[in-house]
Amino acid sequence: METIKQYIDANKQRLLDELFELLRFPSVSADPKYKGDVLNAADYVASKLRDAGADNVEVCQTVGYPIVYGEKIVDPSKPTVLVYGHYDVQPPDPLELWETPPFEPTVRDGKIYARGACDDKGQFYMHVKAFELMMNTDTLPCNIKFMIEGEEEVGSNNLGIFVKANKERLKADVVLISDTSMLSMETPSLETGLRGLSYLEVEVVGPNRDLHSGVYGGAVANPATILAKMIASLHDENNHISIPGFYDDVIELTDAEKDALNAAPYSEDEYKKDLGIEEVWGEKGYSTFERTGTRPTLEVNGIWSGYIGEGAKTVLPSKANAKISMRLVPNQGSDKITRLFTEHFERIAPPYVKVKVTPHHGGEPVVTPTDSVAYRAAQQAITESFGVEPIPTRGGGSIPIVALFEAELGIKTVLMGFGLDSDALHSPNEKYDIFNYYKGIETIPLFYKHFAALS
């Protein structure tokens with residue numbers, strides 16, 4: 001531990017400056033206008049892996065954005081860790097809500113504000129710097145492989161193809177990912193599961209053109225109104241999702257599992273204060289931890305129709321659209337849920353509109369074992385670094401590739417994230433505490449130490 005702390009202290013500013021360089025790339029995979037910036041970010045990651053001491057570093061081309069690979073095999077007989085992360089980021093919109101430019105990292109109150117600061121540049125880059133630390137202090141106790149992709153925020157469409165074509169190259173004993181959160185730095189935690197995802201777009205079409213709302217209003221169905229009613233009907237009075245068959249495969253928690261989940265520290269007053277809300281909302285009969293980690297959800301991610309520019313334009317719009325995501329829990333399958341949603345949405349459409357459902361991407365829910373060597377290594381590393389044993393939690397987000405790794409490579413994943421739920425992921429003013437960044441670089445080498453000792 002002393003060697004780790006000394007290295008971080010001696011290189012503190014450089015470790016921060018390099019992360020800032022990475023954050024300045026507007027690597028938005030969802031928007032083609034940023035293509036050059038996404039590719040430049042991949043090249044930067046590759047160069048930093050080489051600088052850190054990785055061998056066989058390659059920017060592997062796909063039909064989409066490239067996957068950066070690198071490795072260090074110290075001894076083929078020793079265990080191997082496959083580190084996964086992503087260098088692409090969410091769109092920064094709406095730009096007017098950022099207090100400082102999203103791609104010019106700014107420090108306020110010890111926090112780095114920038115798009116990608118926590119998700120996932122700040123978190124995966126900790127692994128690159130921890131690797132550098134172990135190389136420069138001659139303390140790397142096992143083999144390491146890196147696979148950093150550029151399409152996570154748009155569904156990782158080409159990662160599966162890459163994994164299937166490179167099974168021997170990616171052979172490892174465990175996948176290590178930092179793309180999740182802790183309860184707090186005072187109460188560290190390890191996520192033991194993630195929800196799956198079904199993400200789709202719906203369109204409701206009425207008349208063949210936008211109409212004058214005075215001439216036609218009251219005689220022609222307004223697609224925006226119809227869409228709003230259809231979406232509202234997807235939850236009942238108990239906020240239970242009303243799609244037939246939606247809950248058929250859901251595995252209910254046992255009383256013991258509920259007790260363990262709800263034992264984590266939680267203040268509803270602080271939760272509401274942080275979000276600026278008067279009351280929490282959700283499925284009746286479940287706690288906040290249960291709603292956000294172990295229950296499926298259906299959320300509207302975006303909705304648009306008609307005229308939304310400056311001033312007034314009195315139209316009855318021709319169509320209305322929405323993007324909808326459903327978070328899934330074991331044993332729900334994304335393909336089945338997408339089908340159930342599509343059938344239901346088409347069924348409830350009134351005859352005076354036409355509807356279209358377009359699936360975008362999905363992923364399967366996962367639960368990671370808490371009795372594995374890798375999980376115990378993470379547990380011991382966090383305990384040694386933080387001085388407190390981590391609490392096991394369930395994550396509300398989705399990392400679809402975790403199920404992919406298990407299916408194609410036959411290996412489990414350890415989710416050792418250092419973000420916080422309050423870091424405004426996917427929102428304006430995304431942030432990442434400088435303390436968390438350094439703490440990750442400190443803790444990751446301890447994982448390798450314990451993993452090698454326990455293996």
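## A bridge across the sequence

E58 and R169 join their side chains in a salt bridge, with 2.5 Å from N to O. E58 sits in strand β1 (residues 55–60), while R169 belongs to the loop between α5 (159–165) and β7 (174–177), so this pair ties together parts that are 111 residues apart in sequence. Keep in mind, as you look around, that this is a predicted model.

How exposed are the two partners? E58 counts as partly exposed, at 36% relative accessibility. R169 is also partly exposed, with a relative accessible area of 24%.

## A buried pair between loops

Next, let's turn to R295 and E283, whose side chains form a salt bridge at 2.8 Å, N to O. R295 is found in the loop between α10 (288–293) and β13 (297–305), and E283 in the loop between α9 (268–275) and α10, so the pair links parts that are 12 residues apart in sequence. Are these two residues buried or exposed? Both R295 and E283 are buried.

## A pair with mixed exposure

E279 and K272 offer another salt bridge to inspect, at 3.9 Å from N to O. Here E279 is exposed, at 56% relative accessibility, whereas K272 is buried, with a relative accessible area of 14%. The cut-offs explain the labels: K272 is called buried because its value is under 20%, and E279 exposed because its value is over 50%.

## The whole structure

How many salt bridges does a search of the whole structure find? The count is 23, and the pairs described above are among them.

Technical notes:
Residues are numbered from 1 along each chain as its sequence is written. This is a predicted model: local features need pLDDT of at least 70, side-chain atom pairs count only at pLDDT 80 or more; totals for chains, interfaces and linings use all residues. Side-chain values use heavy atoms; hydrogens and water are left out. A salt bridge is a side-chain nitrogen of Lys or Arg within 4 Å of a carboxyl oxygen of Asp or Glu. Helices (H or I, at least four residues) and strands (E, at least two) are DSSP runs, numbered from the N terminus. Buried means under 20% relative accessible area, exposed over 50%, partly exposed in between (1.4 Å probe, protein chains only).
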